[in-house]
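Trainee: I am new to this structure and would like a close look at a single part of it. Could you take me through one sheet and what lies around it?

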Amino acid sequence: MSQLAVEEIWKSFGGFHALGGVTLSVASGERRAIIGVNGAGKSTFFSIIGGQLRPTSGRVLLDGEQVTGLPPHKMWARGVTRTFQRNAIFPGLDVRQNVRLAILARRRMGSRILAGAGRHSHIDDEADAILGRLELCGRANVAACDLAYGEHRQLEIAIALAGEPRILLLDEPTAGMSPAETQAMVAMLAQLPRTLTLLIVEHDMDVVFAIADSVSVLHQGRVLVEGSPSEVQADPRVAEVYFGQVEAPQ
Ligand SMILES: Nc1ncnc2c1ncn2[C@@H]1O[C@H](COP(=O)(O)OP(=O)(O)O)[C@@H](O)[C@H]1O
Ligand SMILES: [Mg+2]
């Protein structure tokens, strides 16, 4: 059974069909890239899985159980986390404190921190382990608002990981990053444990090749092609979609 199955998802905004019958399934531990031109429906699709949007019709199944239309906190509690939740970052707190809070939220210990309860050194150790994975250890004591752009995006992922998701949805995690920041992000994502299922919207095919096992191409709200990164890259239907949308190479 697929860990995540999406069946015939439609999402309409007024009369416009942003998604027109998306069907897709993802196995546990898989790393699936979702690609497609701007407006293809990628973010809308992620919002439906993350619970930020309810589909007009269709079903979302987690381990075979219907979870269609559950709100984000309920999806999060089932292990589905979508990053872009900038509001999950407290700008005035330092990096380690932000990650600690996310760990405490997962453990439902938030009320104990608010009550000023003790330091929980195991929580600090866990926070440091996550920061180490994201190469943010050297920035642990820096206020989130003072981070560079790439570091801020790394912290968003650190916070998501602190919630111990089973399925992580990353919508363009390298957008706006410098080549060095992109490289650091790719290295980090590539070494995430296979206990985590990753769905990633990504435009940069080098990033897709470095991370993904499989690729789904969304086009006009439907899955156009699915396959390995090299199969998808070689598919003439994919080339056709991207021609006319992007400048021909010089
Ligand atoms: N809240 C909304 N209201 C109306 N139209 C929307 C809304 N969200 C997305 N759309 C439209 O749906 C289409 C798909 O958008 P989106 O999922 O953001 O695409 P992508 O992430 O692939 O660029 C676009 O044409 C977009 O303008
Ligand atoms: Mg988008």
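Mentor: Happy to! Let us begin with one pair of residues: Ala5 stands opposite Leu61 in S4. That pair belongs to the pairing of S1 with S4, two strands that run antiparallel and are joined by 5 bridges. Please keep in mind that this is a predicted model. The average pLDDT of the protein is 90, and 91% of the residues score at least 70.

Now look at the other pairing of S1. Strand S1 covers residues 4–13 and is joined to S2 by 8 bridges, again with the two strands running antiparallel. A good place to see this is Ile9, which stands opposite Val22 in S2.

Next, follow S4 to S5. These two strands pair over 2 bridges in the antiparallel sense. Here Leu62 has Glu65 in S5 as its bridge partner. S4 and S5 form a hairpin with 2 residues between the strands, and in that hairpin Asp63 takes a positive phi near 50°.

Put these pairings together and you have the whole sheet: 4 strands in the order S2-S1-S4-S5, forming an open sheet with antiparallel pairing. Strand S2 (16–26) and strand S5 (65–66) are at the edges; each has a single partner strand, so one side of each is left without a neighbour in the sheet. As you look along the strands, it helps to know that side chains in a regular strand alternate between the two faces of the sheet.

What lies across this sheet? Helix H1, made of residues 42–50, lies across S1, S2 and strand S4 (57–62). The helix runs at about 120° to S1.

H1 also brings us to ligand 1. With 3 residues, H1 gives the most to the shell around ligand 1. Both S2 and H1 supply at least two residues each to that shell, which ties the ligand to the sheet you have just followed. The residues around ligand 1 include Phe13, Phe16 and Ala18, then Val37, Asn38, Gly39, Ala40 and Gly41, and also Lys42, Ser43 and Thr44.

You can pick out some individual atom pairs here. An N or O atom in the side chain of Thr44 is 2.5 Å from an oxygen atom of ligand 1. For Lys42, a side-chain N or O atom and an oxygen atom of the ligand are 2.8 Å apart. Gly39 takes part through its backbone, where an N or O atom lies 2.7 Å from an oxygen atom of ligand 1. On its own, ligand 1 has 560 Å² of accessible area, and the protein covers 58% of that.

For context, there is another sheet to find. It is an open one of 6 strands in the order S6-S7-S8-S3-S9-S10, and its pairing is mixed. Its edge strands are S6 (80–83) and S10 (222–227), each pairing on one side only. From one strand to the next, the twist averages 20°. Within this sheet, S7 (residues 167–171) and S8 (residues 197–201) run parallel and are joined by 5 bridges, with Leu169 opposite Leu199 in S8. Helix H6 (residues 149–162) packs on this sheet, touching S6 and S7, and its direction makes about 160° with that of S7.

One last word of care: over residues 246–250 pLDDT stays under 50, and the model has 0 contacts for them beyond four places in sequence. Where pLDDT is low, the predicted coordinates should not be read in detail.

Conventions
Residues numbered from 1 in each chain as written. Chains lettered and ligands numbered in written order. Predicted model: local features only at pLDDT ≥ 70, side-chain atom pairs only at ≥ 80, totals over all residues. Heavy atoms only, no water. Pairing = 2+ DSSP bridges. Contact = heavy atoms within 4.5 Å. Axes fitted to C-alpha atoms, helices over the stretch in contact; angles between N-to-C directions. pLDDT = per-residue confidence, 0-100. Near = heavy atom within 4 Å. Polar contact = N/O pair within 3.5 Å; in protein donor to acceptor, adjacent residues only side chain to side chain. Areas by Shrake-Rupley, 256 points an atom, 1.4 Å probe, with all protein chains shown as cover.
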